[in-house]
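Me: Hi! I'd like a close look at one part of this model and at what surrounds it. Could you take me through it step by step, in one connected answer?

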Amino acid sequence: MSAKASDSRLPVAKTYKIYIGGKFPRTESGRYYALRDGDGDVIANVCQGSRKDFREAVVAARAAFGGWSSASAYLRGQILYRIGEMLEGRRAQFVTELTQQGVKAKKAEAEVDASIDRLVYFAGWADKYQQVFSAVNPVSSSHFNFSVLEPTGVVGILAPQGSGLLGLVSNIAPAIVGGNTCIALASETRPLCAISFAEVLESSDVPAGVVNILTGSSAELAEHFASHMDVNAIVYCDDADGEGTQIQELAAGNIKRVIARVGLNWKDDSNENPYLIADTQETKTTWHPIGR
Amino acid sequence: MSSTKLSFDGGWEYAPAPQDTSHISLDDRYGLFIGGEFVEPSDGRYFDTINPATEQSLASVASAGDKDIDRAVRAARKAYEGPWSKMSAGDRGKYLFRIARMLQERSREFAVIESLDGGKPIRESRDIDIPLSAAHFFYYAGWADKLDYAFPGRDARPLGVAGQVIPWNFPLLMAAWKIAPALACGNTVVLKPAETTPLTALKLAELVRDAGLPPGVVNIVTGAGETGAALVNHPGVDKVAFTGSTAVGRAIQKSLAGTNKKYTLELGGKAANVIFADAAIDQAVEGIVNGIFFNQGHVCCAGSRLLVQESVADEVIQKLKDRMQTLIVGDPLDKNTDIGAINSKAQLERIESYLGLGREEGAEMYQGGSATPETGYWCRPTLFTGVSQSNRIVQEEIFGPVLAIQTFRTLEEALTKANNTPYGLSGGVWTDKGAKIFKMTQQVRAGVVWANTFNKFDPTSPFGGYKESGVGREGGLHGLSAYVSLEAGQ
């Protein structure tokens, strides 16, 4: 399996797990799918995550929401930056994994670099987007009135199939920098970096449950992401076989916010702007009388 | 209890103070306002709109079918592609300013018609609904040529034709909330008022015509739910804006799946109004009354759950009951009236079913207010004590003058109870401690939070819900984003 034997030493292959509530279990279902390289050799037996895995991840994400959403913006920014630092330190591993999954070396390097830079980009927004999007509203009556952004809550992310690391990072970063917690379903065809990224998260001071990462089939799990009553928003990045329409229909069950990021070129700088943070934010307006 | 009972009446009886209605003009029959003129509905169907205080018909109103909706959407498209998008943004704003001014000039007429058609007290329609409607047009008028400054780094572009469906609780105000930002951003609209309160929207259509707006920029189509569904589902609509129940909002969100229509939904609520022991109790009691009895409780953001700290619960409830005794229920056109008519027979039946349900669930009911008239639809101000969190009258939106009262001991318990609902539209907190205010207003999961006040609205102030109370915001700078697409800036 995995890394091929060289002449001198038999390498130790990694067991790829899923990431729920800061822990690395295999799927409760016991199911797997074999990920193969271009030669047809097995690289890994990847967890075929189940509905139950997802539901447990939602519980973990909800439990983490209170603490993470009230963490200071400075702290959230530093933690996102720390993720970037940790990823930089393990750059070679991610390049290797991407190439194992069929990405050419140069492109793999560019993807890892862009992922690190994107984390740093969003880290810097943590204590700034509020100032861009909040307002003091000049109401006519004798009240002090202001509007601020607050995180929507638990966000489900169906990460893009075509971009195993950068696509995942580009969707997780804007959600969590704004204080949301999330459950991401990794690319089914390029899942390895997602799980290694979970290991990066685990060593980056990201509190348990803030990011949960599953592997498995989007065709199977998308409907559960879209219909779960304790998920507040869903982000999807592919629209194969009318999946997007199904997601939108099911999302109506609890008036989920639906964010479609379909057909994007994840390398493009257009994926770096604060409106991506605002996508999973709510505006709260507070009134107080002015008087004696 | 240490506090003394407040005396509100001073020993005087209120003489009737009816609002004069002689200066209003209503036609016997209203067609559909499409392409700048009133037209007959294609299949000739009309329905009556009823004064809920007298059960008498006020006018006959057209029922728009699929063909009419198609005609209205085409008219709106033609206006969008024609004069409205070619006009300078400054001129677009000037038309909106003009509407605001003309509404102010005719405000009393609109207030009277609003109270006649919907049953709300003239004091509210005169002092709140109509002035706020005019203010909304005035506010958004000024945005029309300043959109470049609203969205840093983005290029804001209009969406096209907006299909807008509004409720019966604030008929003209909801029309203003919908039409003003849509037009300011360069869209054209087809608006459907609620079937029980179409008249002020039709009067607004007259006003829009008098203001000289290009034909088709504003279209008003009347009818019931199926008319609204036809509008929402018309393929020529680019954007849907709906205010109403969560059940209908859910159906709309579902029906829009797979279309590229943008939508905003402003849905139901079950707001908690939280009274701490250190609050100014008499002010808080007024806030509770305003929170739940304003507009007969037909308010999505009403403070329909009272959470009162245990140590002051007896005092607050007694004072509330005393205050409720003084509320005048009756003729909406009487300037003394506090609580007008329930909007429709159907809504009265719904409220009454909840009153029965509350008692069946074991809660204790108390009703205040004056005796109600013989004819018309009325509900006296009502509170329930002895309710638990799982009771349906605690969980479900009643949309009437019905308050469910619970107690709490700690701030954490109040927060847990306040947030224990699928809704998240609004909330209230009453305390003299600043730190406690910020703790509560930060932690309540709702789009609007009133501290030491309740049910205040302003065109500059964004409004809208968390969770199942809706998607998007209306009002203020934030309300603009519902009516534009944001393209990458230059």
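Reply: Happy to. Let's start from a single pair of residues: B:F384 has B:A404, in strand 16 of chain B, as its bridge partner. Please keep in mind throughout that this is a predicted model. The pair gives us a way into two strands of chain B, strand 15 (residues 382–385) and strand 16 (residues 402–408), which are joined in the parallel sense by three bridges.

Now zoom out to the sheet. It is open, has ten strands and mixed pairing, and its order is 3(A)-4(A)-10(A)-18(B)-17(B)-12(B)-13(B)-16(B)-15(B)-14(B). At the edges stand strand 3 (135–136) of chain A and strand 14 (364–367) of chain B, each of which pairs on one side only.

Two helices of chain B are worth following here. Helix 10 (residues 310–325) of chain B packs on the sheet and touches strand 12 (272–275), strand 13 (305–309), strand 14, strand 15 and strand 16 of chain B. The direction of helix 10 makes about 135 degrees with that of strand 13 of chain B. Helix 14 (residues 434–443) of chain B also packs on the sheet. Its contacts take in both chains: strand 4 (143–151) and strand 10 (281–289) of chain A, along with strand 12, strand 17 (426–430) and strand 18 (448–451) of chain B. Here the angle, taken against strand 10 of chain A, is about 150 degrees.

Strand 13 of chain B deserves a longer look. Five of its five residues are buried, so strand 13 is largely enclosed by the rest of the structure. The burial holds for both faces: B:R305, B:L307 and B:Q309 point to one side, B:L306 and B:V308 to the other, and all are buried. For its pairing, consider strand 16 of chain B, which runs parallel to strand 13 of chain B with five bridges between them; in that pairing B:L306 stands opposite B:I405. Strand 12 of chain B is likewise parallel to strand 13 of chain B, over four bridges, and there B:L306 is the bridge partner of B:N273. Between strand 12 and strand 13 of chain B the chain passes through helix 9 (residues 281–293) of chain B, making a right-handed β-α-β crossover.

How does this region sit within chain B? The domain assignment gives domain 1 (29–267 + 467–488) and domain 2 (272–451). Their C-alpha centres are 30 Å apart, and the contact draws on 29 residues of domain 1 of chain B and 33 residues of domain 2 of chain B. Between them the two domains bury about 2,600 Å², with 55% of that on carbon and sulfur atoms. On the domain 1 side, B:R123, B:W168 and B:K467 supply 22% of the area buried against domain 2 of chain B, more than any other three residues.

Finally, the two chains themselves. Their contact involves 40 residues from chain A and 45 residues from chain B. Together chain A and chain B bury about 3,100 Å², 53% of it on carbon and sulfur atoms. On the chain A side, A:I255, A:Y275 and A:W287 account for 23% of the area buried against chain B, more than any other three residues.

Terms used:
Residues are numbered from 1 along each chain as its sequence is written. Chains are lettered from A and ligands numbered from 1 in the order in which they are written. This is a predicted model: local features need pLDDT of at least 70, side-chain atom pairs count only at pLDDT 80 or more; totals for chains, interfaces and linings use all residues. Side-chain values use heavy atoms; hydrogens and water are left out. Two strands pair if DSSP finds at least two bridges between them. Contact means heavy atoms within 4.5 Å. Axes are lines fitted to C-alpha atoms, for helices over the stretch in contact, and angles run from 0 to 180 degrees between N-to-C directions. Buried means under 20% relative accessible area, exposed over 50%, partly exposed in between (1.4 Å probe, protein chains only). A crossover is right-handed if, with the strands pointing away from the viewer, the path from the first strand over the helix to the second runs clockwise. Domain bounds come from an automatic or database domain assignment. Buried area is the accessible area (1.4 Å probe) that two parts lose on being put together, summed over both.
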